[in-house]
Amino acid sequence: MSGKTVLFLCLLQILETISSLGTKTSLALNCFQPQKAGICSLRFVKVLEKDVIDSATQATSDKVIHIEQSQLEYIPEVLFNRFPQMETFQAIGVGLNKFSADAFAKSPKLKHLDVSVNSISILPQDVFGTCQHLELINMAQNRLHLFNGIELIGCNKLRQLNVSSNQLIFINWDPLNDLRHLEQIDLSNNLISSVTVPRHVKRIVARNNHIHKLTTDSNSFIFLLEHLDASRNRLSNIDVLARFGKMTYINLSYNRLLNVDFALFKNMPSLVELNLAHNNIFVVTTSDVKLVALESVDLSNNELTRLSEADCKGFSQARKLLLNNNYLVKLEVMKGASNFPRLQSISLNGNDWACPDMEAMLTELGAKKVTVKPTDEACGTYQVKKRGLCCRDLSTSFDELVLLESQKLSEMRQVDQSRAVSASTVKPTSVTRQKQVPVTANKESVSRYSEEMHNLSNSLRETMSRLVIIEAELKASKSEKVILKDSLDRAQIELKALNEKLARCKSTVNQRTGQTVLID
């Protein structure tokens, strides 16, 4: 092989190597004019994943960098060399699909990072560098599946984290628990199944996930959580809420709750709004009464049937109460609505009120000048609208049924009579027989419907009798519960007295029988 051939092959290999590495190109990062002091808007920047960008550039002192109307599949190193004083970086909807291992390591002064509406699926471990000044991270509407949290180790000044509308199925909460300044977390619209509330976080938005479990750090006793939105999830147990004493807002609508004990909220003096709508709640209790001055309580669209005065204790201080679209037949309102001393407005439509009970309730609420929202919906079968709400009026419904049947009988008589007239015109020889037929038919029809009405009346009376018996049994069970409670209290007092007496006693051994004897 000649020397020229060897030289040619060497040159060819060098060219192939250069081609495989990519051709370095310069990237113009000129701010869009007019430019405000310290703020640089970059437009029409195009960086593809295959591009190799020359990192050499002249540094500027701009601190706020916005990338707009651009295509930026990755962030080239030249951008950090161009803006070494960068404190805010915003690249929304520019097609970012990856970060390098230490993408922001060369921006030690970075405070605000917004890379939302992109296609980032993985976060390298050291992506944020030392991040000692980082305060806000917005990565909403990307394609993240996992968030390990170790990317944030060292970000001790981080206040807000937004990872909403990704595809997250897992978040490692342990590193977040160590960030003392982290106040807000938004992880809504993901696929997360459990949330562990960090002790320093004040606001969590976790709506529209698959959350079935809320937990806390069992070794912590002070939590700063104030705002929780866990709506549209799969929660069936919320006992953990008793640990959060600083709550002001709770939204647990569209979950799977079956019952709620308002004693959970007794240590939340600042709680203003509680939303429990669109669950399957059929029982509301207050096992430990400590009144909370709530502004708004939403129990609408559940399965409540009766609410006694004791049941309402936990939310009796509310100013606004939503009870619409349940199955309520009874809401106990005392004279002058004294058991709702702060109530200003209430929603009661879409229930199964009995008219007498409803009118009595509305009278007491009206005496306190409570605003009752009227319904715009049509009333159901056997319901009438009174004072703006639908209710069941058994007597009215029965009368309407009788009237309907009477109308049917009248129509049948008219039909029979018209048939008789037409028959007499066509066949005069059989007048006597044709006249007798409708009379017999009418008598049979009247007899049949009279019997049906009699049976229906008896059925209604039996139903009312059973209702009276059931109410009597309920009252008896309540009185029996009171008696049992009094007996239990007396037994506890006697047991306490015996324990005190036992503590004062001394023991000795009977020499004859060998038994231990107590001496007072």
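**Entry 1: disulfides**

I count two cysteine sulfur atoms within 2.5 Å of each other as a disulfide. The model I am reading is predicted. My search of the whole structure returned four disulfides.

I began with the bond that joins C131 to C155, where the sulfur-to-sulfur distance is 2.0 Å. I looked up the torsion about this S-S bond and found about -100°, so the disulfide of C131 and C155 is left-handed. The two cysteines belong to distant parts of the chain, 24 residues apart: C131 is in the loop between β8 (112-114) and β9 (136-138), and C155 is in the loop between β10 (146-147) and β11 (160-162). I then checked their accessibility. C131 has 6% relative accessibility and therefore counts as buried. C155, at 0%, also counts as buried.

Next I turned to C31 and C40, which form a disulfide with their sulfur atoms 2.0 Å apart. The torsion about the S-S bond of C31 and C40 is about -110°, so I noted this disulfide too as left-handed. For C31 I read a relative accessibility of 14%; because buried means under 20%, C31 counts as buried. C40 is buried at 0% relative accessibility.

What separates C355 from C391 in sequence, and where does each lie? I first recorded the bond itself: a disulfide joins C355 to C391, at 1.9 Å from S to S. With 90° about the S-S bond, the link of C355 and C391 is right-handed. C355 lies in helix α4 and C391 in strand β29, so the pair ties together parts that are 36 residues apart in sequence. Both ends were checked for burial: C355 is buried, with a relative accessible area of 1%, and C391 is buried, with 0%.

I also wrote down the pairing pattern. With the bonded cysteines of the protein numbered in sequence order, the pairs are 1-2, 3-4, 5-8 and 6-7. I looked up C312 as well; it is buried, with a relative accessible area of 1%.

**Entry 2: the nonpolar core**

Which residues touch the most other members of the largest nonpolar core? The core holds 111 residues, and I found F89, F99 and F104 to be the ones with the most such contacts. Six elements give two or more residues to this core: β2 (39-43), β5 (64-68), α2 (77-82), β14 (194-197), α4 (355-367) and β29 (389-392). Helix α4 gives the most, with five residues. I then checked the core against the domain bounds: it draws at least three residues from each of domain 1 (24-192) and domain 2 (257-397). As background, I note that nonpolar side chains tend to be buried together in soluble globular proteins.

I followed F99 further. Leaving aside neighbours within four places in sequence, I listed its contacts as I75, F104, V115, I120, L123, P124, V127 and M139.

**Entry 3: aromatic rings**

I found seven aromatic pairs in the structure. One of them is F99 with F104, an edge-to-face pair with 5.4 Å between ring centres and 80° between the planes. Are F99 and F104 buried or exposed? I found both of them buried. I then traced the cluster to which these rings belong: F80, F89, F99, F104 and F128 form one aromatic cluster. F89, F99 and F104 thus appear here again, having been noted above as the core residues that touch the most other members.

**Entry 4: charges over rings**

I looked for charged ends placed over aromatic rings. The charged end of R43 sits over the ring of F32, at 3.9 Å from its centre. R232 lies over the face of Y254, and I read 3.9 Å from the ring centre.

**Entry 5: backbone angles**

I ended with positive phi values in residues other than glycine. Phi of A337 is near 55°. I placed A337 in the loop between β25 (330-331) and β26 (345-347). A337 has 1% relative accessibility and so counts as buried.

Where does R387 lie? I found R387 in the loop between β28 (383-386) and β29. Phi of R387 is near 55°, again a positive value in a residue other than glycine. Strand β29, which follows this loop, is the strand that holds C391.

Notes:
Residues numbered from 1 in each chain as written. Predicted model: local features only at pLDDT ≥ 70, side-chain atom pairs only at ≥ 80, totals over all residues. Heavy atoms only, no water. Core = buried A, V, L, I, M, F, W, Y, C linked by side-chain atoms within 4.5 Å. Buried < 20%, exposed > 50% of the residue type's maximum accessible area, 1.4 Å probe, protein only. Helix = DSSP H or I, 4+ residues; strand = E, 2+ residues; numbered from the N terminus. Domains from an automatic or database assignment. Contact = heavy atoms within 4.5 Å. Phe/Tyr/Trp six-rings, centres within 6.5 Å; stacked < 30°, edge-to-face > 60°. Lys NZ or Arg CZ within 6 Å of the ring centre and 35° of its normal.
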